[in-house]
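This briefing covers one protein chain, starting with the overall fold and ending with a pocket.

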Amino acid sequence: MAILTVYTKLLDKTLEGARIIEMGSTKSCECFVLPREQVAEVGKKQPHLQRYGFYLLLGKDKQNRKKAYVGQTNDFTTRVTDHKQKKDWWDTALVFVSKSNEIYPSEALYLEYLGWKAATEAGNYIIDNTKDINEPPLSEDKQNEMELFFEDIQFLTRFYGCRVFDRPERQATAENYIEFTMSLPKSGLKATLYFYKESQRYVIAAGSTIMSQTWDSCSKGMQEFRKQVISDKKLCQNNGELCQLLQDIEIPETNCSPSGAASFCVGTSRQGTKDWEDKEGKKYATEWWKE
């Protein structure tokens, strides 16, 4: 069995202070763990922080919920000044750079996209980014390189003790479910549905994004249910036109159908058999769903 050695350098000789985490000479990725009050001090002594890289701001909101911001920069010591002025909730920054200086502007943007996508889909943290991050253009070779680099970012993030990128493991149940997805690219909506065929239950997964606005074409029952979910900050984070679910949401029995699940996500009347598709891109006829 291969052994992986992880090195931690305690920059102020304490376990709570600034440190560097890396995986030896065979890996280029290194992670700077920076308490908010030590960023300026460490930045003066660590020139690697002035390179292109990817970073996370970590903390909690006023309701004590875990919160994160995903970003990229060409010099974190400069970029962080703005974050200190505008974001009072974060207490720790994780900054990832390449020891061999192999990250450039396009690569940094792609890492930001990968990080935002993974963190949003995981749904473990409230993501503070106000806008969706679209996939930037990058050659296939560079994409492969950055995806491997991002795997090291994920590993070092877990090693630090943060699970911002990891989807919660679903508890095993005696009843199997089938996973479906719905995507509306123009609006940015992307939802995951767990369908339990035996009990005919429809569950929208945590991390899904749904529309914030509800239209009159929704049934009154669904309008009220959406209002309850969207207004509950423990269940949903409102990001303007879209909301992100923070927990799994089971569709009420009165709207228990693929169309009911789709209407919950879009906020208007939908034909769910045309919206939901499985991992192979297959849609299912009305008779199969038993609408």
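The points below go from the whole chain to its largest pocket.

The model is predicted: local features need pLDDT of at least 70, side-chain atom pairs count only at pLDDT 80 or more, and totals for chains, interfaces and linings use all residues. Residues are numbered from 1 along each chain as its sequence is written, and side-chain values use heavy atoms, without hydrogens and water.

**Fold**
- The chain holds eight helices and 14 strands, taken as DSSP runs (helices: H or I, at least four residues; strands: E, at least two) numbered from the N terminus.
- Its C-alpha trace spans about 65 × 45 × 35 Å along the principal axes.
- Of the contacts (heavy atoms within 4.5 Å) with a separation of 6 or more, 60% are between residues 24 or more positions apart.

**Burial and charge**
- Of the 291 residues, 49% are buried, meaning under 20% relative accessible area with a 1.4 Å probe, protein chains only.
- There are 40 positive side chains (Lys and Arg) and 42 negative ones (Asp and Glu), with His and the chain ends not counted.
- The centres of the two charge sets lie 4 Å apart, with each charge placed at NZ of Lys, CZ of Arg, CG of Asp or CD of Glu.

**Largest pocket**
- This pocket (an open set of points on a 1 Å grid where a 1.4 Å probe fits, with protein on both sides within 12 Å along at least five of seven lines) has a volume of about 750 Å³, the space filled by probe spheres set on the points.
- Its lining (residues with an atom within 4 Å of a point) has 34 residues, and W116, D132, G188, K190 and T209 are the closest to the centre.
- Two or more lining residues come from each of α3 (105-122), β8 (178-184), β9 (189-196) and β13 (242-245).
- The most come from α3, which gives five.

Key: Buried means under 20% relative accessible area, exposed over 50%, partly exposed in between (1.4 Å probe, protein chains only).
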